[in-house]
Amino acid sequence: MKQTWRWFGPDDSVALAHIRQASAKGVVTALHHLNDGRAWPAEEILERKATIEAAGLEWRVVESVIVHEDIKTRTGRYRDLIDNYKSSLRALAAAGIDTVCYNFMAITDWTRTDLDAPLPHGGTALRFDFVDFCAYDVLVLKRADAEGDHPAERIEAARARLQAMSNSDLAKLETNLIGWVPAREFIHDRESFRRALDVYRDMSVEGFRDNLIAFLREIIPVAEEVGVRMAIHPDDPPFPIFGLPRVVSSEADAAAILAGCPSPSNGLTLCTGSYGAGAHNDLPAMARRFASDIHFAHLRNVTKEADGSFHEAEHLEGDTDMIAVVRALMAEERRRKAEGRADWEIPMRPDHGHAIVDDIGKRVNPGYSCIGRLKGLAELRGVMRTIDALGG
Ligand code: DNO
């Protein structure tokens with residue numbers, strides 16, 4: 001597999017030089033400052049590509065070309081925004097960048113209640129705690145209909161939890177949930193978040209899925225024409241939050257997306273962490289079933305708890321059999337190679353890492369520590385080399 005590493009651009013404190021020292025070969029990045037739906041200018045793409053290549057690396061995957069909210073809801077400027085999207089794909093293809101990861105989550109991107117949950121070994125992990133989430137959703141945000149979305153015991157536990165929370169704990173929880181938004185289009189406060197939720201009030205799951213398929217039917221022909229592979233990232237977490245419709249949370253969702261617009265350019269990002277946070281998803285089975293449609297892999301693990309909460313585990317620990325997933329992806333690579341395909345290698349990146357050793361206390365994008373990810377990549381590299389040596 002092609003070993004890649006996410007880089008957030010020149011402001012990332014984990015620099016290109018560090019990525020080389022981690023022995024990753026490819027970079028996963030985006031023009032993060034152009035995240036409002038405008039078309040990406042060719043010059044800026046080429047400039048960023050040159051910076052990456054000057055460091056001895058290759059820009060292998062774009063993550064993400066953001067899908068604007070107007071496109072998701074098919075309101076406002078969505079027609080122009082889809083044209084912009086097509087134009088970004090053409091410009092990326094012209095620069096030789098052929099894999100694009102994106103998501104179709106309403107309003108939110110990945111969501112955690114805690115960005116530095118302590119681990120027994122002294123490091124920290126990202127965590128989604130359902131009681132904290134419920135406390136915010138039902139008792140602080142006071143979202144209409146929220147009570148119906150949570151079991152009574154959770155709401156009761158949430159009341160006690162909220163009472164024990166200091167003002168600063170609560171402010172932090174709110175920032176984690178709606179204010180601090182990794183690569184999202186909008187930074188919300190409570191009022192603006194309520195207004196954003198309101199836009200989705202009458203949107204059914206089916207309606208939302210129709211909007212995704214309608215979008216794909218417009219952009220996939222362009223992607224196919226210019227040789228770009230689109231790889232949709234799953235919902236994180238893979239179940240509804242804030243009452244929003246979810247359409248990329250399960251094996252059935254993935255199958256519907258592929259069937260809705262069949263094309264070699266319409267594929268998946270197999271994010272083992274995002275899908276893996278749902279007890280309904282069997283990752284090795286999904287890796288085998290969707291093998292030929294997987295254009296990109298995010299490899300990380302989660303440990304789920306009885307109430308649906310979860311935290312990010314070490315890459316080879318947690319609930320997903322990572323070795324079985326990697327083995328399925330490598331079998332697919334051998335199949336592609338046997339077909340004579342030049343693009344047989346599936347890019348993977350160690351997704352998220354714990355904060356450990358010198359990561360602790362450093363200013364990095366939450367989840368994107370240097371040493372924690374280095375540890376994840378090193379472990380995964382060991383798995384890949386061993387599978388290879390054993391002939392699959
Ligand atoms: C989290 C990431 C996601 C992902 C987007 C893709 O760390 O995996 O934010 O980049 O959802 O659009």
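A polar contact is taken here as a pair of N or O atoms within 3.5 Å; within protein, one of the two must be able to donate a hydrogen and the other to accept it, and residues adjacent in sequence count only if both atoms are side-chain atoms. The model is predicted, so local features are reported at pLDDT of at least 70 and side-chain atom pairs at pLDDT 80 or more, while totals for chains, interfaces and linings use all residues. Residues are numbered from 1 along each chain as its sequence is written, and side-chain values rest on heavy atoms, with hydrogens and water left out.

The ligand is a good place to start. A polar side-chain atom of glutamate 63 lies 2.5 Å from an oxygen atom of the ligand. For histidine 352, a side-chain N or O atom is likewise found 2.5 Å from a ligand oxygen, and for aspartate 109 the corresponding distance is 2.7 Å. Taken alone, the ligand exposes 330 Å², and the protein buries 98% of that (accessible areas by the Shrake-Rupley method with a 1.4 Å probe; for residues, only the protein chains shown count as cover).

The ligand has 15 residues around it, of which Glu63, Ser64, Asp109, His352 and Tyr368 come nearest; a residue is near a molecule or strand if one of its heavy atoms lies within 4 Å of it. This shell divides into five nonpolar, five polar and five charged residues. In that grouping, Ala, Val, Leu, Ile, Met, Phe, Trp, Tyr, Cys and Pro count as nonpolar, Asp, Glu, Lys and Arg as charged, and the others, Gly among them, as polar. Strand S4 (residues 99-103) supplies the largest share of the shell, three residues. Helices (H or I, at least four residues) and strands (E, at least two) are DSSP runs, numbered from the N terminus.

The backbone holds some points worth a look. The peptide bond from glutamate 63 to serine 64 is cis, with omega near 0 degrees, and serine 64 sits in the loop between strand S3 (58-63) and helix H3 (69-73). Another cis peptide bond, also with omega near 0 degrees, runs from aspartate 236 to proline 237. Proline 237 belongs to the loop between strand S7 (229-233) and helix H10 (251-260).

Positive phi values appear as well. Serine 23, although not a glycine, has a phi of about 65 degrees; its place is the loop between helix H1 (16-21) and strand S2 (26-29). Isoleucine 107 has a positive phi near 65 degrees and lies in the loop between S4 and strand S5 (114-118). Buried means under 20% relative accessible area, exposed over 50%, and partly exposed in between (1.4 Å probe, protein chains only). Serine 23 counts as partly exposed because its relative accessibility is 33%, whereas isoleucine 107, at 10%, is buried.

Histidine 233 is found in strand S7 and is buried because its relative accessibility is 10%. Its side chain makes a polar contact with the side chain of histidine 298 (3.3 Å). With contact meaning heavy atoms within 4.5 Å, and leaving aside residues up to four places away in sequence, histidine 233 touches Cys101, Tyr102, Asn103, Met105, Val248, Thr269, Cys271, Ser274 and His298. The C-alpha atoms of histidine 233 and alanine 297 are 9.4 Å apart, with their positions 64 residues apart along the chain.

The cysteines come next. A disulfide is a pair of cysteine sulfur atoms within 2.5 Å, and by this rule the count is zero. Cysteine 101 forms no such bond because the closest cysteine sulfur, in cysteine 271, is 8.5 Å away, which is too far. Cysteine 261 is in no disulfide either, the nearest cysteine sulfur being that of cysteine 101, at 17 Å. Cysteine 101 is buried, with a relative accessible area of 1%, and cysteine 261 is buried at 10%.

Alanine 277 completes the tour. This residue is placed in the loop between helix H11 (272-276) and helix H12 (283-289), and its relative accessibility of 4% makes it buried. Beyond residues up to four places away in sequence, alanine 277 touches Pro238, Phe239, Val302, Lys304 and Phe310. For one of these partners, valine 302, the C-alpha atom is 6.3 Å from that of alanine 277, although the two are 25 residues apart along the chain.
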